[in-house]
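Me: Could you take a close look at the interface for me? I'd also like to know how far to trust the prediction.

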Amino acid sequence: MAKETSIQASLPLPLPIFHMLLALSEGERHGYALKREILQRTNGKLNLASGALYGSISRMLDQGWIEESDERPDTHLDDERRRYYRITALGRRIVQAEAIRLQHLVRLAENTLGLPDLA
Amino acid sequence: MPVPSRFYRVLIKLYPARFREEFGEPLERQFWDEYGQAGSAPARAIFLLRAFADLAATIPAEILRELLQDLRYAARVYRRRAFVTTLALAALALAIGASTGVFSVVNARLLRSLPFRSPARLVLVPQLISSLNTATPVGFHTTAQSSPFLEDAASYRPQQMNLNANRRALHVQIAETSQNFFSLLGTAPALGRTFAPGEDVEGRDRVTVISYGLWQQFFGGDPGILGATIRLQGVPLTVVGVAPPAFDFPGNTSLWTPTVFDFALLPAGEKMVRGTVIGRMKPGIGIAAANRIYREGVLAAGGNRRLEPFRLEPLRDQLAGPVRQASFVLLGLVMLVLLIACANVAQLLLSRTSERRTELTLRAALGASRARLVQQLATESAVLTLAAACAGLAVARWTVQLAALALPAQLATQAYTILDWRVLSFALGLSALTGVLFGVVPASLIGRFLVDDALRARGPTPRGIRRMRAVVLAVQAAVAVVLLAGSLTLGSSFLKLLNMDLGYRVDHVATLGISLFGTRYETDYRVPQTVRTLRELPYYRQALDRLRAVPGVESVAAVDFLPLVNDPHLGDHFTLDSGQDGPAMQVAATPDYFRTLSAGIVEGRDFTEADRQGSEPVAIVSQSFARQVSPDASVLGHKVTPDQDQPLTIVGIAADARYDPLRKQFADVQVYTPMAQSPGTAATITVCVKGNPEAYLPILRDSLRQVDPEVPVYGVMTLNQRLRESLARPRFYTTAVLFFAGFALLLAVIGAYGAVSHSIAQRTQEIGVRIAVGASPRGVRAMLLRQSMLPVAAGMLFGIAGAAALGRFLQHLILTAEPAGTTTCAAALVLSATAAAAIWIATGRILRLDPTAALRAE
C-alpha cells in the first residue's frame, strides 16, 4: 500500500521519461538509441538533447525505475563501450500507473466533450 | 577533432563529478555523431545552438541535484558523530565569531571612512607657525591660508559646559570652533546654516549649531528651533543650524559655537586654553611631504628638533587612539584561536575519513573516482564551515556589544557593527579560507591516498595522514601554550588590579556631579580678592543639608576632584616652609569627605565647619606628599604654600588615594584644602549610605535637583560602578584572553585524546600482537604515551618561543602586565599535564583489550 502511494506521488511523469520507460519496456536500449526511438515515435516532435536525456536516465537510475544491464545484445553490431539500460519491475508499474492516469483523463474528456473518431 | 567538439568536451567538465563520470563519455560521443550527421552548415549551427542551450540548462540542475545528495549524505555522517561534530561546530563558530567581532572594532576605528569630505587629507597640526598672532581670527585664518602645505585649517576646543534651555539644565560636551570648522570638514547642516565667515570675531559669535541628537531629544525635532535662544554657561546664543545625524566630531559633541578665539564661555578669569588645529592638506601633497615642509617651518621659526618633535598626525590615526595596538593584539590572539579550531576540525575530518576509509575504498572500488570522493568530502567540510559561520555571526554580535562597553569609540560614526560590507566579507573570507585550508586540502589528500590504496582496504593508516595528524597536534599545543601563558600573565596583573589598595572604599558610596558654571553660584574671580564673595558656598551648604536629610544617608561631602571620576593631574606645585617642594594635585573637599569614603586620616584632624573663609587657611596632605617633602619629620603643623597663593597650615595627613587604578605614576600625591576656603565651581557630591547605594540614586538625584533646577546634575552613579567602568577595559581583555586560552587548551586536549584513541583503533592488531608475545599493557600504554607526547612536546617548544614574543605585546592590553618566564613554564606544564592525562585516559582501553579478539579483528 505504501508502495502504491509512493508510485502515485511520482505521477504525473514528465513526457520524456514516460516515453523512455515505454521504449525500455520493449527491451534494453542504450542512451542514443532511446533518443532516436523517441524521435521516431513522436514523429520528430520530441527531440531530446543529450544533457536532458542523460539527466533523466540518471534520475531514473537513482529512483530504481531502470538499471544498467550487463548483457550486450549483438555485440558484433554495437560498440562494446555503450551502456545499456533495462526497465525494472518498479519502472514498469510506474509507467503503467501513468498510462492509467492518462486513460482516466482521456475518458473524462470523452464523456464530457465527446471526441471525434480518430479513424 | 573540430573546434566545437573540443569546446563541448571542456564544457562537459562543468558537470558535477558523479554525473560527469557516468555520462561524460556517451555525451561526448553522441555530440560527435550528431554533429557529423547534421551535414550542412546551417543545420550544424542550429544543432550547436541546441547543444549548448541544453548544457546551460542541465549543468546547474545536475550540480544542484548532486549537491543535495552530498548534503543529505553529509547530514547523515554528522548525525552519526553528533558529539564531535557539535564540538567542531562550536569551536569554529566561536573562533570565526570572535575574529569577526574583533575585526569589526578594527574596521570601525581604522578602516571605515570618516564622515568628512576627503578625510585622508585631514591632519592635526600641533602648532601653526606664524609671525602673526594665531590666537586672533585674522592671524589664524591668514596663516592657515598662506600655508605651503595646507589648503586651510580650523581650530576647535572641546569643553564640558552647562546648557540651559526649555527651563532645563544639562551638562553637555561642546566644541568651541573657528567659523570655518564645518566647511573645512565638508559637513553640511541638516537644517539652517553653519557658521559664516567673520562669525568667529568677538561680538558676532553668539551663535550656535546644535547636534541632531540634541535637537531631537531636547527640542523634540522642532524646526522652529532656528533663531531660538539657548544659554551656555549663562551666555545667550542664537541657534542658526542643526548638524547632520551622527555628526559629533570632535567626540560626543552636542553643540558647536564659533568662539574659539573668544573667552566669553569660559569661567571668568580663564584666558589660557588653546584650540586644537585641524588642517586640510593641499591636494597632491602626501602626509610625508607635508610633514617635511612642516618640520622645516618649525625649525626655521626657532623650534628645537629634539625638544619639539612636532609632527602632523592624520586625523584617522588620532581617532583610532590607543585602541589601535590593543585591537591588533586581540585580533592576533583571536586568529590563533581560529587556527587551533581549524586544526581541530581538520583533525575531526581526518579521523572521520580514516574511519570511513573502508566505506570510501568500497565506493572507490565500485568506480567512484577521487574527484567524486573529494567532492563529497569538500561538501561536508563546506557544510560545517557554513553552519559555523552563521552561528559565528551571533557570536560576533555579542563580541561587538562587549567591545562597545569596554572600548567605546570616539565618534558616533565609529560605532561598532557587524552589518558592514567589510566585516561581512571578512567573515565570509575567513570561513572560506577555513573551509579550504582545513576541509578541502585534507580531503584531496585523502582522495589521493584512497585511490592509491584502493586495493589494500584495511592497511595501517598511511604515513601522510599520520604525519599530518602529528603536525596538527603540535600546532594545537603551540597555540595553547602561547595563549595560556598570555592569559596567566594578564590574569595575574588583573588580579593585582582588583586587589589594589585604593586608599578608600567604593561600596556604600553614591556620587553625583554638579557644575555651577554660568549659574548664580559662580564666583566672579575678576573681583579683587578682598571684596570677593565665594558664591558657591551657599549652594554646597544647601545641597549637603538636603542630601543629609534623605533617610538612610550616613554622611555627605563635596569634593572637586574625586578618584575614579577625575583624571589625576599634577598641575599644582607646593613648597613646604622648610624649603622642600614638589608637585601635587590640589583637591578641595568639605568636612566629612574622608569619612564618607572611609579614607583614613593617618595623623591630625579632618576639616571642620570652623575652617571657613577668613579663618586660618589649612590643608591636609597625603602621605606620599608628606614623604616627598619631608622624608624624616612629620609635616603636621608646618606650612605649605601653593604657587602664587598664601601659605596653608597642615592640620592632617591622609592615606594616599589612588585616582586611576590603571596608572601607576604620581597618582597619589594630594594636597586637600577646605571647600569653604577655596571652593570648586564644579564638584562631585559623595554620599555614604546604609545598604545598597544603587537604590538611593534616584532619590539622591531628585533631592539634589530640587536645590536649584538651574544647576545640572550628571554622572549619578555609585563609586563601585565607576570603579567597574575604569576596570572595564582590562577586565575585557583579561576575560577575552582567558576565554581564548581555556578554549585553546580544551581543543588541544580533545585533539590529543582524539588522535590517540584513533591511533589505538588503527593499531589494535599490532597492540594485540605485542601483548600476545608478552608485552605488558602498562608498557604498551607507556609506549603510546611517549609516541603521542612527542608532537605535543615539539609544539610546546614553539609555543614557549611564541609566548616570549607575545609577552611584549600584552602591555598594549594592560599597562601593568609583566610577562615572566615562570608563567610560560606554568602554561607549558599545564598543557603537558592535561595532554598527558588525556592520552593516558584514552589508552585505558588497552587494559581491557583481549589479545585474541584483537588478533581476530582482522
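Reply: Happy to, starting with a caution: over residues 454-460 of chain B, pLDDT (the predictor's confidence in each residue, from 0 to 100) stays under 50, and the model has 10 contacts (heavy atoms within 4.5 Å) for them beyond four places in sequence. This is a predicted model, where local features need pLDDT of at least 70 and side-chain atom pairs count only at 80 or more, while totals for chains, interfaces and linings use all residues. Residues are numbered from 1 along each chain as its sequence is written, chains are lettered from A and ligands numbered from 1 in the order written, and side-chain values use heavy atoms, leaving out hydrogens and water. Chain B has a mean pLDDT of 82, with 89% of its residues at 70 or more; the model scores ipTM 0.83 and pTM 0.68.

Now to the interface. Here 23 residues of chain A are in contact with 22 residues of chain B. The two chains bury about 1,800 Å² between them (accessible area, 1.4 Å probe, lost on being put together and summed over both), 41% of it on carbon and sulfur atoms. On the chain A side, A:Y32, A:Y54 and A:R59 lose the most area, together 30% of what that side buries.

The rule finds 4 salt bridges across the interface (a side-chain nitrogen of Lys or Arg within 4 Å of a carboxyl oxygen of Asp or Glu). One salt bridge joins B:E34 to A:K35, with their closest N and O atoms 2.9 Å apart. Helix 3 (31-41) and helix 4 (50-63) of chain A (DSSP runs of H or I, at least four residues, numbered from the N terminus) each supply at least two residues to the side touching chain B. Helix 4 of chain A gives the most, with 11 residues.
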